[in-house]
Amino acid sequence: MRRALNEAKARRHVVDVIETNAPELEALARERVLARFFSPHVADIPQWGVPAHRMWIADRVDFFVVAFNTARVRREELPATYEGFLDPKWKGRIGLEATDQEWLAGLAKHWASAAPWSSFAACRDEADVRKGTCCCPRWSRREVHVSLTNYASNADSMKRKAKPIDWKPVER
């Protein structure tokens, strides 16, 4: 993203394609670094994956799930909603990825009111927040019990490597 911004400022337009996450692409669109995108295949993409300005389109979907350490947590213990993780029994057992703004944005959209945010802030303050796929390296050491910000594909990959992990979607 930084390179695209620097090259645009220098009026050096040599990039054909940028593949990254939606928040970064949206920032580039707002800076007018991107051109409008047209293709007959855009019709095959769900409407939510094509912003009205058409300066970028979604090429993948990250499916966030609650991953849990099967050596520490039973599936039936997991709450059905994120609010369920505010229960004191989860204190000190939750891991969060510090850079998963897509997850946080999705939660903000789901929680249209401010009511859950004050309680969730307390949960965040008690969570183990780290940068860089927070749970993966520490999973086999059983340091992380539950990760609220895991991609289903990452959890499945770890599961194939015989790590004590499984996942469950919560809310929607």
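Helices are DSSP runs of H or I with at least four residues and strands are DSSP runs of E with at least two, both numbered from the N terminus.

**Figure 1. Overall architecture of the predicted model.** The protein contains six helices and five strands, arranged along the sequence in the pattern α-α-β-β-α-α-β-α-β-α-β. The structure is a predicted model, in which local features need pLDDT of at least 70 and side-chain atom pairs count only at pLDDT 80 or more, whereas totals for chains, interfaces and linings use all residues. Residues are numbered from 1 along each chain as its sequence is written, and side-chain values use heavy atoms, with hydrogens and water left out. Of the 172 residues, 34% are buried (buried, under 20% relative accessible area; exposed, over 50%; partly exposed, in between; 1.4 Å probe, protein chains only). About 10,900 Å² of the protein is exposed, and carbon and sulfur atoms supply 52% of that area (Shrake-Rupley method with a 1.4 Å probe; for residues, only the protein chains shown count as cover). Among contacts between residues at least 6 apart in sequence, 66% join residues at least 24 apart (contact, heavy atoms within 4.5 Å).

**Figure 2. Close-up of the largest pocket.** A pocket is an open set of points, on a 1 Å grid over the protein atoms alone and for a 1.4 Å probe, with protein on both sides within 12 Å along at least five of seven lines; lining residues have an atom within 4 Å of a point. The volume of the largest pocket is about 1,200 Å³, taken as the space filled by probe spheres set on the points, with grid points joined across faces, edges and corners. Its lining comprises 32 residues, and those nearest the centre are Val-61, Asp-62, Phe-64, Glu-102 and Gly-106. Helix H2 (22-30) and helix H3 (101-110) each supply at least two lining residues, and H3 gives the most, with seven. The lining has 18 nonpolar, six polar and eight charged residues (nonpolar: Ala, Val, Leu, Ile, Met, Phe, Trp, Tyr, Cys and Pro; charged: Asp, Glu, Lys and Arg; polar: the others, Gly among them).

**Figure 3. Close-up of the second largest pocket.** This pocket holds about 520 Å³ of space. It is lined by 21 residues, of which Asp-16, Val-17, Ile-18, Leu-34 and Met-55 are the closest to its centre. Helix H1 (residues 2-9) gives the most to this lining, with three residues. By class, 14 of the lining residues are nonpolar, two are polar and five are charged.

**Figure 4. Close-up of the aromatic pair Phe-63 and Trp-167**. Rings of Phe, Tyr and Trp (its six-membered ring) pair if their centres lie within 6.5 Å; planes under 30 degrees apart count as stacked, over 60 as edge-to-face and the rest as tilted. The count by this rule is three aromatic pairs. In the edge-to-face pair of Phe-63 and Trp-167, the centres are 5.8 Å apart and the planes lie at 90°. Phe-63 lies in the loop between H2 and strand S1 (64-69) and Trp-167 in strand S5 (residues 165-168), so the pair ties together parts that are 104 residues apart in sequence. Phe-63 is partly exposed, at 44% relative accessibility, and Trp-167 is also partly exposed, at 21%.

**Figure 5. Close-up of the surroundings of Thr-149 and Tyr-82**. Thr-149 belongs to strand S4 (residues 146-151) and is buried, with a relative accessible area of 6%. Leaving aside residues up to four places away in sequence, Thr-149 touches Phe-64, Val-65, Gly-95, Leu-96, Glu-97, Asp-100 and Trp-103. Tyr-82 is located in the loop between S1 and strand S2 (94-97) and counts as buried at 6% relative accessibility. Tyr-82 and Leu-148 are 66 residues apart in sequence, with a C-alpha to C-alpha distance of 8.3 Å.
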